[in-house]
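Let's take a walk through this one together. Keep the viewer open and turn the model as we go.

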Number of protein chains: 2
Amino acid sequence: MNLPEIHKFKSSQNIKRENKAKIIYLLSTKSNKFALLKNIVDMHRTHTCGELRIVDVDKEVTLSGWVQKVRNKGGMVWVDLRDRYGITQLIVEEGSTATEIIDAAKNLGREFVIKATGIVAERYAKNDKIPTGDIEIKPSRIEILNSSKTPPFTIEDETDGGEDIRMKYRYLDLRRNVIREKLQLRHSMMQHVRSFLSNEDFIEVETPVLIKSTPEGARDFVVPSRMNAGEFYALPQSPQTFKQLLMVSGFDRYFQIVKCFRDEDLRADRQPEFTQIDCEMSFVETEDIYNNFEGLVKYLFKNVKGITLNEVPRMTYANAMKYYGSDKPDTRFDMKFTELNSVAQNKGFNVFDSAELVVGINAKGCAEYTRKQLDGLTDFVRRPQVGAKGLVYVKCNSDGTFKSSVDKFYSQEDLKEWADKMEAVAGDLLLVLSGDTAHTQNALNELRLHMGAALGLRDKNNFAPLWVTDFPLLEWDEDTQRFHAMHHPFTSPKAEDMHKLDSKPGEVRANAYDLVINGVEIGGGSIRIHDREMQKLMFKHLGFTEKEAQDQFGFLMDAFEYGAPPHGGIAFGFDRLCALFGGSDSIRDYIAFPKNNSGRDVMIDSPSPISAEQLKELAININ
Amino acid sequence: MNLPEIHKFKSSQNIKRENKAKIIYLLSTKSNKFALLKNIVDMHRTHTCGELRIVDVDKEVTLSGWVQKVRNKGGMVWVDLRDRYGITQLIVEEGSTATEIIDAAKNLGREFVIKATGIVAERYAKNDKIPTGDIEIKPSRIEILNSSKTPPFTIEDETDGGEDIRMKYRYLDLRRNVIREKLQLRHSMMQHVRSFLSNEDFIEVETPVLIKSTPEGARDFVVPSRMNAGEFYALPQSPQTFKQLLMVSGFDRYFQIVKCFRDEDLRADRQPEFTQIDCEMSFVETEDIYNNFEGLVKYLFKNVKGITLNEVPRMTYANAMKYYGSDKPDTRFDMKFTELNSVAQNKGFNVFDSAELVVGINAKGCAEYTRKQLDGLTDFVRRPQVGAKGLVYVKCNSDGTFKSSVDKFYSQEDLKEWADKMEAVAGDLLLVLSGDTAHTQNALNELRLHMGAALGLRDKNNFAPLWVTDFPLLEWDEDTQRFHAMHHPFTSPKAEDMHKLDSKPGEVRANAYDLVINGVEIGGGSIRIHDREMQKLMFKHLGFTEKEAQDQFGFLMDAFEYGAPPHGGIAFGFDRLCALFGGSDSIRDYIAFPKNNSGRDVMIDSPSPISAEQLKELAININ
């Protein structure tokens, strides 16, 4: 190597590491055709763009980063230099700065990557909005490390880029602080989750990604095996059977933050690959699960958001449906359902009389709603997604009278009975739906959430967690005309309901639970079956032949014969948990490289065709 | 619920959590047909089997675990109860224990899962080999939670189970302490890696698993897309392009402990899915990489093994090949190569005269090797895996004379010259190979490692890390008759070698490095190209057409046009790092559910055929 100069200099990169600065040789070469590749032990920076303060004045520093903005006022040029850690202002002025530096600064474009060396100076006009606002750098050298074309959208917190263009240039979208901060939140949550669970003696175990396809549940993604022609691996929908085997192995407490895969037709906020906090414990009952994972949730709220949660309340599935019409009620606000069958039926109003369920909510203080507002609510409940036929309202007037949309069927005394049952007072508005139980509960749930939002009762910064317990074991599937496992086939039924398994399978409850926060299902799990005969019985009730059960889950049932302990667990949807903590409804911005609703990564253009040679090696053809 | 009894009791499960015991209701029911499923808030244990000490004497406790051993001496029965945390002895004796408890204890089988409640007592004969050896439990109740068939192999540190049966019943193999401890080591290493990197401002980002197939490098596993018929995702061989995009995004420092996939014909110690510690940094040169990741390695050795490492030495690839014949030298011992061309050629020994390289090692103190031992070494180097034609030896006798296998070609003075060059003294044995450079270096490397092992110089508890630097950019591939990227196509060439890219491409060095410990490649990385034109040039030299390069890596080259910073990184083979820390040559026991050499999981029997319906939905056929 032909080195023109050798300087002694301090190491650059260990920027946040104390007591580690060490003397290295800085070898600088003249810039050449391949300047971007020069093999010198170079110093790209002494500090980050978020680090310098008034105490650093007069130091010579080197910063590297992106040009956020250039302001050119004739004799003076200001450059905002940005990196992940912050923004530092560079200033060059005619007279005190060399001409070539001034020219360089003037010609910088947005998002150019530069390296600037200079002296830290105190600013005349300080900026108290940024931590580095007391200082600026007077550069003696500016080097362009890389230029930039004009980005297809502005790299600002509020951008002009639509979803499609942002996804195509996701690497630029991620450059926006608001997006990067979401992924930093995710990073922080991951570390806290692992730290809590490790301290609680959970062992992190990586379970395999190449596993076996099983037709139960959602569709699997499959992977053709080249070495075993005609055979396929499947990607896991969850590590369920493996974590149960780890309990059989005596691991006692397991966790993993793990990618899972489902080949489903994607709804707006689903991803074909998603991340779970997956946990399992031995020698536990539901109570132990509630205590342990309430601990995790409280720890996260405390350490990530500084919020102290109270004890997490519990509600049975039956009550959740009865009072909220949903297995994931938003309990940030009350507005519980009141059944009105006894007071609303048999008064001549045929719509109610023929209904399985008449049920209402009390919208406190909404008696003054206008005709237009009430029509709006009727339109809302009639939407196909909500599905009600109509809406009955009762205004509780300030003078103690009632005004309803069904005045011709109900007297003031009748309506007083409704109001009393619903604990309504003057000024309240009663909203009543009717029909078959399932659809009516669902529609009133939608209306309740709508009213909660309208009344400002669903504050993003208020968190209401809830355990929903005692889920049904089975649910009837109209398409296949058989029962499916509501949670999964490994969930244990409640012993006291076992006698109904043949006669009324739909009434058997399971040792299954969900953790719901603000109306969002954040986690779910169950106490598992750990007995071979019970597991066989369950598969039988789910329509498996004995051979099918053995072919697909024989390894698990075999394992149960070698001393399987009682065990249970839970899995949390990590993408959704992050979005909840970030105050967002959408998970997409909490995933670095998400796929669109067609399961496509538009940035890398995947999926894509593969070569004929690859297909041949895998012994498959495309239809 | 019909509950015969209600007791107040302390919570069970928060066993290691202080200040968290809370009063819950213990509801116990009579055992019934589904006793294993009874839905009571039950207490499976008050303590683990590794927890009780002399201070706990006279406490009533409940333990749950596996029966390790039952010793029945007539009037007395001892039961060793095991869980992940340890072993506690139960003792029942006629006279002081109820008859049904004694009968129960006598009938327990190995690996039964039981729950025992009783009083902690001081042992008469203490066992100082286990932490609970001062106490035993006198049970008043023993409940069988699950029985066990006789395991197919013994669940002991030394087992009688062969590899095949252990893999089929991996859940029982994992029950062995020696295996579980390996996975606990892995758990601990993961937490330490993340803790170190998080403290150093690295952000953990999950990159996608469903990506795009690229023909460069090893074979991809592919995933047919149902929603995009005829198209395929690929599983990542590494998150390389995504981590580079994160640098373009300004993430500055990224890490991930991540599963990667390669569909290769498996050698003994390869797995189709494996785990990497994947890292990338912006604004760095090689020196910064060395400093940062030396920090990580030192931190792990200190915190996991209690070993303080010195500065990690560095060696160029060229010197590694010259002195060790390997790019991953085991530097726990010296025994460097000495080239002997100048002193061994032109003395009439045709084998040497016609060789490109004559090179030897000095096996210190081995001059007394017998004929048989020397023949053994000759057989060793002639193995197909080593591939030498023969071995020349020179014994440095204690009287100052030399005895060699080529005495008829070389005088004592000639051999003295060899010995001097190799710094040999009386008692040493010189072992010399010859032939073309590549094969001879490789063969002598094998012989050196063999001698190192034979002489006890490769102690598992001694760790010699080494940076191997300045790897060649390209390597010639005989099969395809073209150059391939030695590291990968994103690696930057050394600027000072750029002029040879057309004339002598094989001589161009890269800013690429490996971390080697004890002769094992633990990590590798490079400073990347961050300039579009340079990346295009590189693809051209690797035989890509411009269209191919754009189709496959257009997104990355496009990204380089929007302000890509200089960046570089490294990836560590995590499975191998764990095996190294555990003192093992094989990675398999450090993976919870490994696959065999045919890529098959014999426990779950995967890969396996999928249904005609699945194939149809995916629009593929099997050939």
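Start inside, with the lining of the largest cavity: its residues split into ten nonpolar, six polar and eight charged. Bear in mind as you look that this is a predicted model. The lining comes to 24 residues, and the ones that lie nearest the centre are A:I257, A:V258, A:K259, B:I257 and B:K259. So which elements give two or more residues to this lining? They are α4 (177-199) and β11 (253-261) of chain A, along with α4 (177-199) and β11 (253-261) of chain B. The volume of this largest cavity is about 380 Å³, and the count of cavities of 30 Å³ or more is eleven.

Since both chains have turned up already, let's look at how they meet. Chain A puts 157 residues into the contact, and chain B puts in 157 residues as well. Between them, about 13,900 Å² of area is buried, with carbon and sulfur atoms giving 55% of that. On the chain A side, A:E206, A:F283 and A:Y562 supply 6% of the area that chain A buries against chain B, more than any other three residues.

Now move over to chain B and find strand β3 (residues 60-73). On one hand, β3(B) pairs with strand β6 (residues 113-122) of chain B, antiparallel, over seven bridges; B:V61, for instance, has B:G118 in β6(B) as its bridge partner. On the other hand, β3(B) pairs with strand β4 (residues 76-83) of chain B, again antiparallel and over seven bridges. There, B:R71 finds its bridge partner in B:W78 of β4(B). The hairpin of β3(B) and β4(B) has two residues between the strands, and B:G74 takes a positive phi near 65° in it.

Further along chain B you'll come to an open sheet of five strands, ordered β14-β15-β18-β16-β17, with antiparallel pairing. Why is one side of β14 (338-339) and of β17 (402-404) in chain B left without a neighbour in the sheet? Each of these strands stands at an edge and has a single partner strand, so there is nothing in the sheet on its other side. For β17(B), one pairing to look at is with strand β16 (residues 392-396) of chain B: antiparallel, over three bridges. Within it, B:V394 is matched with B:S404 of β17(B) as its bridge partner.

Finally, look for what covers this sheet. Helix α11 (residues 412-421) of chain B lies across β14, β16, β17 and β18 (429-435) of chain B, and runs at about 95° to β17(B).

Note on methods:
Residues numbered from 1 in each chain as written. Chains lettered and ligands numbered in written order. Predicted model: local features only at pLDDT ≥ 70, side-chain atom pairs only at ≥ 80, totals over all residues. Heavy atoms only, no water. Pairing = 2+ DSSP bridges. Helix = DSSP H or I, 4+ residues; strand = E, 2+ residues; numbered from the N terminus. Contact = heavy atoms within 4.5 Å. Axes fitted to C-alpha atoms, helices over the stretch in contact; angles between N-to-C directions. 1 Å grid on protein atoms, 1.4 Å probe; cavity = no way out; pocket = protein on both sides within 12 Å on 5 of 7 lines; lining within 4 Å. Points joined across faces, edges and corners; volume = space filled by probe spheres on them. Nonpolar A, V, L, I, M, F, W, Y, C, P; charged D, E, K, R; others polar. Buried area = accessible area lost by both parts, 1.4 Å probe.
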